[in-house]
Amino acid sequence: MTTYAVGDIHGCLDALHRLLAKIDFKRSRDKLWLVGDLVNRGTDSLDTLRFLIDHDDCITAVLGNHDLHVWGRALGVRPKKRRDTVDALLDAKDVNELLTWLTHRPLFVESESHAMVHAGLWPTWSFDDARGLATIAQKALVSSDGPAILSDYGNPTFDRWHNEITGTARVQTILNIMTGMRAIGVDGRMLIDAKGSRNALPADARPWFDVPSCRTQDTVIIAGHWAALGIYVDERVMIIDSGCVWGHELTAIRLEDRKRFSVSFT
Ligand SMILES: [Mn+2]
């Protein structure tokens, strides 16, 4: 069995098909780890989701901020954004079935050697913490609290982790970290809107994975979400959103030997 980690797909089904052809993907032999943001912004969210569900047996995927946004739109608690491209998905006759699959993806997954989250993990969290908090957030999202959480998802008020935070704010903070965080300032607050390159960060901020306490365990953390960073791979982290939906590339990394495969958007 071979496992490939794949960056943010964003409904770019044609690029995904070309990437799978490039790695000679065989569903009987290979596994895909998808970092989330499976839908929105690209042109084929509906068919992407149908394709992924059809390949459920070989796919492990985590939820991204766009997946949460689309869910919130389906619930009627989030407004349509200018660059949303999910009308066909939301109007599909099987939208409930499709979104049920999407919304039951985890926020955090692990194997013996790797862990995966869409954006990042708080530097003081152990993997036990991350696993527990991801489970709490996932359960809250599919509960009757889901609409309230999603309506205010991304609220920048919740910009640092405190174990004392309770209720909806606790879940929203977990979501901001796991699906939105890129960098952390010296004051210990995450910069939710820092979307530029590493060099564009304020001088007193650094990527979350550069905080030393993130790097104390052998497990390699896989994430996406930060297209402007480009592919970044070191001993402890693999950040693999190469910006397909922005006209750049979709990337897969074979976890066994870290060989990198990319296809361009066009
Ligand atoms: Mn994202």
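This text walks through a predicted model, from its two sheets to its metal site, pocket and cavities.

Start with the sheet that holds the N-terminal strand. Five strands form an open sheet in the order 3-2-1-12-13, and the pairing is mixed. Strand 3 (59–61) and strand 13 (260–264) are the edge strands. Each has a single partner strand, so one side of each lacks a neighbour in the sheet. From one strand to the next, the twist averages 20 degrees. At one end of the order, strand 12 (residues 249–254) pairs with strand 13 in the antiparallel sense, over five bridges. Within that pair, Glu249 stands opposite Ser264 of strand 13. Helix 1 (residues 13–22) packs on this sheet. Helix 1 touches strand 1 (2–6), strand 2 (30–34), strand 12 and strand 13. The direction of helix 1 makes about 140 degrees with that of strand 13.

Helix 1 also has a helical partner. Two packed helices are described by the angle between their axes and the distance between the axes. Helix 1 and helix 2 pack at about 40 degrees, and their axes lie 9 Å apart. On the helix 1 side, the contact uses Leu13, Leu16, His17 and Leu20. Helix 2 answers with Asp47, Thr48, Phe51 and Leu52. By class, this contact has five nonpolar, two polar and one charged residues.

Now the other sheet. An open sheet of five strands runs in the order 4-5-9-11-10, again with mixed pairing. Its edges are strand 4 (108–110) and strand 10 (232–233). Each of these has a single partner strand, so one side of each is left without a neighbour in the sheet. Strand 9 (residues 220–223) and strand 11 (residues 237–239) run parallel and are joined by three bridges. There, Ile222 stands opposite Met238 in strand 11. Helix 6 packs on this sheet and touches strand 4, strand 5 and strand 9. The direction of helix 6 makes about 135 degrees with that of strand 4.

Next comes the metal. Which residues coordinate the manganese ion? The donors are Asp37 (OD), Asn65 (OD1), His118 (NE2) and His225 (ND1), at 2.1 to 2.2 Å. Along the chain, their spacing reads D-x27-N-x52-H-x106-H. Asp37 sits in the loop between strand 2 and helix 2 (45–54), while His118 sits in the loop between strand 5 (114–117) and helix 6 (127–141). The pair therefore ties together parts that are 81 residues apart in sequence.

Two of these donors reappear in the largest pocket. Its volume is about 690 Å³. The lining has 28 residues, and those closest to the pocket centre are Asn65, His66, Arg182, Lys195 and His225. Helix 3 (65–74) and helix 8 (167–180) are the elements that give two or more residues to this lining. Eight lining residues are nonpolar, ten are polar and ten are charged.

Finally, the enclosed spaces. There are two cavities of 30 Å³ or more. The largest holds about 70 Å³. Its lining includes Leu121, Trp122, Pro123, Trp125 and Phe127. That lining has seven nonpolar, four polar and no charged residues. The second largest cavity has a volume of about 30 Å³. Among its lining residues are Ala119, Met181, Arg182, Trp208 and His225. Its lining divides into seven nonpolar, two polar and one charged. His225 thus links the account: it is a donor to the manganese ion, lies among the residues closest to the pocket centre, and lines the second largest cavity.

Key:
Residues are numbered from 1 along each chain as its sequence is written. This is a predicted model: local features need pLDDT of at least 70, side-chain atom pairs count only at pLDDT 80 or more; totals for chains, interfaces and linings use all residues. Side-chain values use heavy atoms; hydrogens and water are left out. On a 1 Å grid over the protein atoms alone, a cavity is a set of points where a 1.4 Å probe fits but cannot get out, and a pocket is an open set with protein on both sides within 12 Å along at least five of seven lines; lining residues have an atom within 4 Å of a point. Grid points are joined across faces, edges and corners, and a volume is the space filled by probe spheres set on the points. Ala, Val, Leu, Ile, Met, Phe, Trp, Tyr, Cys and Pro count as nonpolar, Asp, Glu, Lys and Arg as charged, and the others, Gly among them, as polar. Two strands pair if DSSP finds at least two bridges between them. Helices (H or I, at least four residues) and strands (E, at least two) are DSSP runs, numbered from the N terminus. Axes are lines fitted to C-alpha atoms, for helices over the stretch in contact, and angles run from 0 to 180 degrees between N-to-C directions. Contact means heavy atoms within 4.5 Å. Donors are N, O and S atoms within 2.8 Å of the metal (3.2 Å for Na, K and Ca); water is not among the atoms, so sites may look incomplete.
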